[in-house]
Amino acid sequence: MTKILFVCHGNICRSPMAEFVMKELLRRAGRTDVEVASAAMHTDEIGSDIHYGTRAKLREQGIPFTSRAAWLLTAAKAREYDYLIGMDAYNVADLRRLVYPEDRNKIYRLPDFADEPRDIADPWYTGNFDVTYADVLAGCTALLEQLP
């Protein structure tokens, strides 16, 4: 079983968006051999559910999701995953500082799987969930194509 963990700053916008987009892509592809989750790199939103803008965008796109609580990643928990995927360079830097040295080879930036790699903007600041969704979808689609 391959295990993927998406991370962002607070685990309420980008990483849960990626989690549920990836779960839907896997379902459509008939893949049952991959587990997907998401977590926070900072404590700002621990316990919070998905941001209303992310929920609205997922509904608009027909992507199913469930209520959840943001949680903070630890080095011990990171060890359980095969892929640790940040949304931007800051998330990747946070991951590199957090995880055990032997787990650093599992760290990726989601857009790097796609054809036009760039940081995925945080809609908490930009308010633009459309652009974030397009970037998340491109990254998740490319990641799915590269999974063993």
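## A residue in helix α6

Is D135 buried or exposed? In this predicted model, D135 is buried, because its relative accessible area is 13% and the cut-off for buried is under 20%. You will find D135 in helix α6. Setting aside residues up to four places away in sequence, D135 touches R118, D119 and I120.

## The chain as a whole

Stepping back, the protein chain has 6 helices and 4 strands. Followed along the sequence, they come in the pattern β-α-β-α-α-β-α-β-α-α. A compact globule of 148 residues would have a radius of gyration near 15 Å, and the protein chain, at 14 Å, agrees with that. Along the principal axes, the C-alpha atoms fill a box of roughly 40 × 35 × 30 Å.

Of the 148 residues, 52% count as buried. The chain exposes about 7100 Å², with carbon and sulfur atoms supplying 51% of that area. Contacts often reach across the sequence: among those between residues at least 6 apart, 74% join residues at least 24 apart.

## Two nonpolar cores

Which residues touch the most other members of the largest nonpolar core? They are I4, F6, M22, L110, C140, L143 and L147, out of 33 residues in that core. At least two core residues come from each of β1, α1, β2 (34-40), β3 and α6 (129-146). There is also a second, separate core of 13 residues, and L73, A78, V92 and L95 are among them.

L147 is a good one to click on in the viewer. Beyond residues up to four places away in sequence, L147 touches T2, I4, M22, L26, R31, V34 and Y83.

## Helix α4 and its two sides

Now for helix α4, which spans residues 89-98. Its buried residues are N91, V92, D94 and L95. These four lie on the same side of α4 because they cover an arc of only 160° around the axis. An α-helix has 3.6 residues a turn, so residues three or four places apart point the same way. On the other side of α4, Y90 and R97 are exposed.

What do the buried residues of α4 pack against? Their partners are β1 (2-8), α1 (14-29), β3 (83-86) and β4 (107-109). Two of these buried residues, V92 and L95, also belong to the second nonpolar core. At the N-terminal end of α4, D88 acts as a cap: one of its side-chain oxygens lies 3.0 Å from the backbone nitrogen of Y90.

## Two buried loop residues

I50 is found in the loop between β2 and α2 (52-60). I50 counts as buried because its relative accessibility is 1%. Although I50 and C13 are 37 residues apart along the chain, their C-alpha atoms are separated by 6.3 Å. Leaving out neighbours within four places in sequence, I50 is in contact with I12, P16, F20, R55, F65, T66 and R68.

N11 sits in the loop between β1 and α1. With 0% relative accessibility, N11 also counts as buried. What is phi of N11 near? The value is near 65°, which is positive in a residue other than glycine. For context, most residues other than glycine have a negative phi.

Key: Residues numbered from 1 in each chain as written. Predicted model: local features only at pLDDT ≥ 70, side-chain atom pairs only at ≥ 80, totals over all residues. Heavy atoms only, no water. Buried < 20%, exposed > 50% of the residue type's maximum accessible area, 1.4 Å probe, protein only. Arc of directions from axis to C-beta. Contact = heavy atoms within 4.5 Å. Polar contact = N/O pair within 3.5 Å; in protein donor to acceptor, adjacent residues only side chain to side chain. Core = buried A, V, L, I, M, F, W, Y, C linked by side-chain atoms within 4.5 Å. Rg over C-alpha atoms; globule rule 2.2 N^0.38 Å. Areas by Shrake-Rupley, 256 points an atom, 1.4 Å probe, with all protein chains shown as cover.
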